[in-house]
Amino acid sequence: MSGQPPGDQPPHARTMCYCAERPAAFWIYNGQLPVCMPCYEAFMRASDIQQRQAERHLNFLQDQMGFITGIPGLGARYPEEQAPIHFQPVVTNNNIRVSNSTVGAINTGQVAHLNVLMTGIEATNPALAEGLTRFANAAVNEPTLSAPDREELLTLIEAVSEAATKPPSPKSKLLMMPWLARIGAIAASVEALLEIWDRVKPLFH
Ligand SMILES: [Zn+2]
């Protein structure tokens with residue numbers, strides 16, 4: 001049904017697929033029909049459906065035979081198909097949370113916006129999204145940070161996150177530099193924040 005090119009096929013020959021769009025990668029129908037990868041996949045899927053229909057029909061005949069003879073369950077049946085289990089990827093990055101102690105002092109709309117931005121960054125720079133989320137979490141919930149510092153820090157994180165969702169350019173890099181420096185200056189007052197920031201800052205590009 002499928003396999004290698006026929007023996008008389010020179011190895012360098014670029015035989016085109018039956019669809020005439022891509023070079024062939026497989027030969028189906030006893031090496032008679034060259035097909036490319038996507039066509040082969042479609043072919044295999046169709047064969048699979050046919051195979052399943054045939055199995056169902058054989059099971060039906062077997063049951064019918066059992067009914068006619070009065071001796072059910074003679075011989076083996078094809079097992080019933082099990083539904084595949086799909087696992088959803090677990091999203092752990094996108095979760096800046098406000099603890100009870102700082103909840104009144106935080107602009108929750110800003111935190112919600114940050115979470116949206118993190119999801120955007122995650123698509124192109126997952127390491128940065130994860131690092132920024134950790135940093136924002138620490139900044140939001142750091143009890144020793146003054147209210148004005150926290151506010152400024154969150155606004156700066158929002159600004160650099162927004163910039164990070166767009167394709168980088170020399171101009172955006174230049175504009176981001178003072179923001180990154182100011183975040184570092186505020187973070188420097190809290191050891192735990194600085195420790196995270198030192199690892200996050202190089203992830204901007
Ligand atoms: Zn094809």
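Here's a quick briefing on helix H4 and its neighbours. This is a predicted model, where local features need pLDDT of at least 70, side-chain atom pairs count only at pLDDT 80 or more, and totals for chains, interfaces and linings use all residues. Residues are numbered from 1 along each chain as its sequence is written. The chain has six helices and two strands (DSSP runs numbered from the N terminus: H or I of at least four residues for helices, E of at least two for strands).

**Helix H4 itself**
- H4 covers residues 147-164, and at 1.5 Å a residue its 18 residues should span 26 Å, which agrees with the 25 Å between its end C-alpha atoms (the expected span is 1.5 Å times one less than the number of residues).

**Its two sides**
- Leu153, Leu154, Leu156, Ile157, Val160, Ser161 and Ala164 are buried in H4 (20 or more other C-beta atoms within 10 Å of a residue's own, against 12 or fewer for exposed and partly exposed in between, with C-beta atoms placed from the backbone).
- Looking down the axis of H4, these buried residues fall within an arc of 165°, so they line one face of the helix (the arc is that of the directions from the helix axis to the C-beta atoms).
- Turned away from that buried side are the exposed residues Ala147, Pro148 and Thr155.

**Its neighbours**
- H4's buried residues pack against helix H2 (108-124), helix H3 (126-141) and helix H5 (170-187).
- Residues of H3 including Leu128 and Phe135 meet residues of H4, among them Arg150 and Leu153 (contact means C-beta atoms, placed from the backbone, within 7 Å).

Methods:
Contact = placed C-beta atoms within 7 Å.
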